[in-house]
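Subject: Handover of a structure

Dear colleague,

Please find the structure for your records below. I should be grateful if you would read the notes that follow it.

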Amino acid sequence: MKAHLLYPDRDVDLKADPPPQWPAVAQDLEVDTLLAAMAQDDAFLLDVAARTLMAACGAGDGRVIAYRQAAVRDALDHPEQVRALYGLVVEAIESRKKHLFGMGLFGRYPSFNLRGAVELLQTFVQYLRRLRQQADSLAGSFRSEAFSTLFACLQRDIDDDYFDAVQEHLETLRFRHGVLLSAGLGPGNAGSGYVLHAGNGSRPGWLARLLHQTPPQYTFRLAERDEAGAQALSELVDRGINDVASAMAQATDHVLSFFELLRAELGFYVACLNLHGTLSELGVARCLPECHPMGSLRLEAQALCDPTLALTLQRAPVSNVLAAKGRNMVAVTGANQGGKSTFLRSVGLAQLMLHAGMFVAAERYAGELASGLFTHYKREEDAGLQGGKLDEELARMRGIAELIRPGALWLSNESFASTNEREGSELLLQVADALRQRGIKVALVTHLFEAARRLPQQHAEQVLMLRAGRRDDGSRSFKLEAGEALQTSFGADLYGEVFGTGAD
């Protein structure tokens, strides 16, 4: 049986290595805050959500995204049922701890292994039966291909005939009436060719045994205190049932692996429910994004906000409108503390969540597939640096250049601000232009006025310039609006507010 809740044609790989750029992306976009809300103190959900977003940092797959979005929609429409399914699977896995076999004891003794495997598989069968009952009751109400395929698989592969057959085999393997073995004699009269025979459960009734005058076979009885004989007989039985015990252990592991995989894939949707509920309580807009082909230059949003800021502030932050259709660069300038970095993070997180097949924090969002997501953010002073800050920035940029491919999205926050205005502007302009020439979309925030001034002059039709502007309600909160770069700062804006003068 296969779960296939995250991919239409394969299982999730829980041991996949992260893309090389993942540590920087996770740090710059503050993904840990998002993951904490998805996990809600559940270490397993934290790991599943982290691995899913980690994989989403690489190339996007339109088919997988559509497949997951439909499943997310089902989960949002039936949250209690999805959580109940997840809880049932977790309970099944946890039941293993109640069995000595599941704790790995008595591994040297086939008889103990067989007995433990039979007991554990009997428990698993009970949970499979409950899972099948859930599939029967939910199959008609879930519309996504992912959940429909899962329920159809459960109904097809573990039907009533399956349970009857398994129960019959388990009853036989309990050997309630002894074990029937045959063996030959090998060199030195040592036993060889041990075979376990079926039919050991058939035993004549008491009347037949009473009327039967001669024994049906030769028998040998051990004395009650013959410990050596008992040990030898036990070893004979173990040799006879060793292969059966191994097969039962493998069967049990197979069922357990199915539960574990189903737990991981259901866990992603439970984590999505956790995040969706938290954002809803904070008043943050959510939507399933439109996903367009790579290279279509689609980037549009209504009420786009940074979900990590909402989770930190415990309220909905200022949202922004974004209309960058047909543009391959978005450049943001303006006052300090004007929401530029927050906006850039909201774009990066939206791309990450889109690739993961999740909802995004916006009323409406239209984006495109990317071959990867990369970030180049200003770093705080590090006493451990061997060279200067500019050297460190250039080294990170070189590492990105070796990995980034056409169709990727590159986010830059105050890149090359560690040097002077002229050099920093020239570096930023050359890097941004080189990336765009390779078909890489660029979203950047900069205080380098010369770079911001020259960007629209060089590529007027391809660049969307945004700057921080005051909200209509007169507060000191900022929203982004289209406009030319301003050589300004938060200090200058504050001075103008206090003394009634504008800032140049």
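The notes below concern two helix contacts and a cavity.

This is a predicted model, in which local features need pLDDT of at least 70 and side-chain atom pairs count only at pLDDT 80 or more, while totals for chains, interfaces and linings use all residues. Residues are numbered from 1 along each chain as its sequence is written, and side-chain values use heavy atoms, with hydrogens and water left out.

Helix H2 (residues 31-39) packs against helix H3 (residues 43-56) at about 135°, and their axes are 8 Å apart. Helices here are DSSP runs (H or I, at least four residues), numbered from the N terminus. The angle makes H2 oblique to H3, oblique being any angle outside the classes under 35 degrees (roughly parallel), over 145 (roughly antiparallel) and 65 to 115 (roughly perpendicular). In this contact (heavy atoms within 4.5 Å), Val31, Leu34, Leu35, Ala36, Met38 and Ala39 of H2 meet Leu45, Leu46, Ala49, Ala50 and Leu53 of H3. By class, the contact of H2 with H3 has 11 nonpolar, no polar and no charged residues.

Helix H4 (residues 62-77) and helix H7 (residues 145-157) have axes that come within 7 Å and cross at roughly 80°, so H4 is roughly perpendicular to H7. Tyr67, Ala71 and Asp74 of H4 make the contact with Glu145, Ala146 and Phe147 of H7. These residues divide into four nonpolar, no polar and two charged.

A search of the whole structure finds one cavity of 30 Å³ or more; a cavity is a set of points on a 1 Å grid where a 1.4 Å probe fits but cannot get out. The largest cavity holds about 70 Å³ of space.

Yours sincerely

Terms used. Axes fitted to C-alpha atoms, helices over the stretch in contact; angles between N-to-C directions. Helix = DSSP H or I, 4+ residues; strand = E, 2+ residues; numbered from the N terminus. Nonpolar A, V, L, I, M, F, W, Y, C, P; charged D, E, K, R; others polar. 1 Å grid on protein atoms, 1.4 Å probe; cavity = no way out; pocket = protein on both sides within 12 Å on 5 of 7 lines; lining within 4 Å. Points joined across faces, edges and corners; volume = space filled by probe spheres on them.
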